[in-house]
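Thanks for making time. I'd like to walk you through one model, contact by contact. Here it is on the screen.

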Amino acid sequence: MNIERMIRAFAGAFVLVSLALGVLISARTSSQRVAMTAALLGTMLPTMILSGFIFPVESMPRVLQYLSNVVPAKWFVIVARGIMLKGVGLTYLWQETLVLCGMALFLLGAAARSFHERLE
């Protein structure tokens, strides 16, 4: 599998997780303003600070290292660096892939459940 296809597949998984999180936030909030604020504070800030994109996760306090495990961008950054910088494939990145897919399934299920409850 070439590098471009692998990046597209992993980026697709990350986009799916991000969209599921957005749908979950919008389904659980009462207005657009609250949803935008929650999305900003709940996704953008943790993504920039806790993903390892700007600051290495290893240099963070232990509590933040554990908290960074629930940020989907952390797993995508690990995968992207592994593919582009190290040239490794799914053989070495299967755990990160599994985490991203698990997050996608969990968030899609929670969003669908929340959206269904809201319609009733």
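Start with the salt bridge. The side chains of glutamate 4 and arginine 8 meet here, at 2.7 Å from N to O. This is a predicted model, so every number I give is computed from predicted coordinates. How many salt bridges does the structure hold? One. Glutamate 4 and arginine 8 sit four residues apart in helix α1, so about one helical turn separates them. How exposed are the two partners? Glutamate 4 has a relative accessible area of 48%, which makes glutamate 4 partly exposed. The cut-off for exposed is over 50%. Arginine 8 has 58%, so arginine 8 counts as exposed.

Now the aromatics. A pair of aromatic rings is described by the distance of the centres and the angle of the planes. A search of the whole structure turns up one aromatic pair. The partners are phenylalanine 14 and phenylalanine 76, with ring centres 5.0 Å apart and planes at 15 degrees. Planes under 30 degrees apart count as stacked, so this pair is stacked. Where are the two rings? Phenylalanine 14 is in helix α1 and phenylalanine 76 is in helix α4. The pair therefore ties together parts that are 62 residues apart in sequence. Both phenylalanines, 14 and 76, are buried.

Next, the cores. The largest nonpolar core has 13 residues. Which of them have the most contacts inside it? Phe10, Val79, Ile83 and Leu93. Helix α1, residues 3-28, and helix α4, residues 72-86, each supply at least two residues of this core. The largest share, four residues, comes from α4.

Look at phenylalanine 10 in particular. Set aside the neighbours within four places in sequence. Phenylalanine 10 is then in contact with Phe76, Val79, Ile83, Leu90, Thr97 and Leu100. There is also another core, apart from the largest one, with nine residues. Its members include Ala20, Leu24, Trp75 and Ala104.

On to isoleucine 49. Isoleucine 49 is in helix α2, which covers residues 32-50. Buried, exposed or in between? At 43% relative accessibility, isoleucine 49 counts as partly exposed. Beyond residues up to four places away in sequence, isoleucine 49 touches Phe55 and Met60. Valine 63 is 14 residues along the chain from isoleucine 49, and their C-alpha atoms are separated by 13 Å.

Isoleucine 49 also belongs to a nonpolar surface patch of about 890 Å². The other residues making this patch are Leu40, Leu41, Met44, Leu45, Met48, Phe53, Ile54 and Phe55. Phe55 thus appears twice: in the patch, and as a contact of isoleucine 49.

Last, the overall picture. The protein has five helices and zero strands. Read along the sequence, the pattern is α-α-α-α-α. The C-alpha atoms fill a box of roughly 50 × 35 × 20 Å along the principal axes. Of the 120 residues, 34% are buried. The protein exposes about 8,200 Å², and carbon and sulfur atoms supply 69% of that area.

One more number, on contacts. Take those between residues at least 6 apart in sequence: 65% of them join residues at least 24 apart. That's the tour. I'll leave the model on the screen.

Definitions and conventions: Residues numbered from 1 in each chain as written. Predicted model: local features only at pLDDT ≥ 70, side-chain atom pairs only at ≥ 80, totals over all residues. Heavy atoms only, no water. Contact = heavy atoms within 4.5 Å. Patch = residues over 30% accessible without salt bridge, like charges linked within 9 Å, V, L, I, M, F, W, Y side chains within 5 Å. Areas by Shrake-Rupley, 256 points an atom, 1.4 Å probe, with all protein chains shown as cover. Salt bridge = Lys/Arg side-chain N within 4 Å of Asp/Glu carboxyl O. Buried < 20%, exposed > 50% of the residue type's maximum accessible area, 1.4 Å probe, protein only. Core = buried A, V, L, I, M, F, W, Y, C linked by side-chain atoms within 4.5 Å. Phe/Tyr/Trp six-rings, centres within 6.5 Å; stacked < 30°, edge-to-face > 60°.
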